[in-house]
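Got a minute to look at a ligand site? Let's walk through it with a few quick questions.

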Amino acid sequence: MTDSGPRQPTVRPRDTRFSSGPCSKRPGWSLAALERACLGRSHRSAEGRAKLGEVIERSRRVLGLPADHRLAIVPASDTGAVEMALWSLLGARGVDILAWESFGRGWLSDITKELKLDDVRVLDTDYGALPDLDQVDPDRDVVFTWNGTTSGVRVPNGDWISDRRAGLTICDATSAVFAMDLPWHKLDVVTWSWQKVLGGEAAHGMLALSPRAVERLESYRPPWPLPKIFRMTKAGKLNEALFKGDTINTPSMLCVEDILDALTWAEEIGGQPALIARAEGNLAALRRWVEASDWADFLAEDPANRSCTSICLKIVDPWFQGLEAADQAAAAKALAKLLAEAGAGQDLGAYRDAPPGLRIWGGATVAQEDIEALLPWLDWAYSKIKAEQAAVV
Ligand SMILES: Cc1ncc(COP(=O)(O)O)c(C=O)c1O
């Protein structure tokens with residue numbers, strides 16, 4: 001470090017994409033990966049159906065989904081999959097909602113303001129922490145995110161979920177699936193999208209259902225109207241074809257080809273263990289840097305809950321802490337902008353509702369060398385922003 005801060009690094013990450021969604025494509029991806037797409041054909045043709053069925057089957061295999069869990073491709077990305085589950089399943093029992101960042105709070109709003117359920121218990125806390133998971137009542141349904149993408153706080157495991165529960169566990173796991181080990185037998189509904197850990201294209205959701213969730217679907221009819229794109233049953237029975245690739249409406253076969261390419265990459269590098277190892281390696285690289293940093297720390301307070309995908313950093317430097325809230329937000333924004341302009345890393349700003357800081361995607365498509373190459377740039381950029389802003393004041 002010189003008097004005026006660290007010198008500008010010379011080596012940039014080879015891939016500077018660190019967005020938390022859509023996330024970086026897999027290493028080596030090019031448009032050639034899409035050449036065999038089933039384009040201009042009906043998705044209900046034999047070829048189209050085969051591709052859709054293949055996405056389901058290969059996702060199941062990579063994830064080790066239990067044989068009795070169903071998996072479907074549904075409309076409207078992860079949001080579509082979660083809302084389909086909330087609208088179809090809730091209301092039969094009281095519901096506990098865990099909210100510790102923006103997405104959990106969004107589901108809370110759906111449940112209280114749109115579905116207007118009244119037997120709702122909210123277990124919430126602020127950015128950086130997790131609510132007390134032991135308060136979850138196994139007799140009630142529970143809705144939660146596995147990984148809070150906007151705070152970088154994840155649940156550490158499923159030990160708090162009872163194997164003898166009467167309620168359903170409805171889990172938005174979009175920034176966790178493929179990068180974290182999920183206890184499938186404890187999760188009755190799991191949702192995700194293609195554009196997160198595998199770096200696929202956006203627009204389609206995946207919805208996994210346990211036999212208990214299917215039982216609820218077949219025995220309970222919610223009191224509110226269900227739009228066609230949410231309907232999973234026909235005449236009170238599960239629409240089994242949906243779980244074989246007969247989608248409710250038209251999917252993009254280009255996106256389908258792309259997720260098949262991503263699954264091929266995942267299989268080739270060693271399946272889910274390799275995907276998890278890549279994400280955990282990225283978190284470990286950041287942890288080494290944070291431990292030596294005098295200005296940045298993880299937003300997630302407890303190391304056991306730190307996300308290995310959406311890695312969120314707060315700025316703990318006393319100078320920054322002493323700024324007014326609006327000036328903190330402006331400085332953090334300027335930091336992310338400088339990093340992008342310097343060609344060091346894109347989309348590194350914290351989520352709009354989260355405390356000001358940085359968010360670095362460490363999911364499986366991001367290479368650890370790229371995270372490591374980014375780190376000196378963080379020090380350089382922070383010191384430059386601090387010097388500039390301190391000069392203004
Ligand atoms: C935890 C979580 N839930 C829901 C969403 C919304 O997902 P989508 O845009 O795929 O609908 C996101 C997106 O980042 C997320 O991280």
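What follows is a short Q and A on this predicted model.

Q: Which helix supplies the largest share of the shell around the ligand?
A: Two helices, H2 (77-89) and H3 (102-114), each supply at least two residues of that shell. Among the residues surrounding the ligand are Ser 77, Asp 78 and Thr 79, along with Phe 103 and Trp 107. The largest share is 3 residues, and it comes from H2.

Q: By class, how many polar residues does the shell around the ligand have?
A: Ser, Thr, Asn and Gln all count as polar here, and the shell includes Ser 77, Asn 147, Thr 149 and Gln 195. Alongside the polar group there are 2 nonpolar and 3 charged residues. The polar count is 7.

Q: How much of the ligand's accessible area does the protein cover?
A: Start with the contacts: a polar side-chain atom of Ser 77 lies 2.4 Å from a ligand oxygen, and a side-chain N or O atom of Asp 172 is 2.6 Å from a ligand nitrogen. Gln 195 also has a side-chain N or O atom 3.1 Å from a ligand oxygen. On its own the ligand has 400 Å² of accessible area, and the protein covers 84%.

Q: Is Asp 96 buried or exposed?
A: Asp 96 is found in strand E2 (residues 95-99), and its side chain makes a polar contact with the side chain of Arg 140 at 2.6 Å. Buried means under 20% relative accessible area. Asp 96 has a relative accessible area of 0%, so it's buried.

Terms used. Residues numbered from 1 in each chain as written. Predicted model: local features only at pLDDT ≥ 70, side-chain atom pairs only at ≥ 80, totals over all residues. Heavy atoms only, no water. Near = heavy atom within 4 Å. Polar contact = N/O pair within 3.5 Å; in protein donor to acceptor, adjacent residues only side chain to side chain. Areas by Shrake-Rupley, 256 points an atom, 1.4 Å probe, with all protein chains shown as cover. Helix = DSSP H or I, 4+ residues; strand = E, 2+ residues; numbered from the N terminus. Buried < 20%, exposed > 50% of the residue type's maximum accessible area, 1.4 Å probe, protein only.
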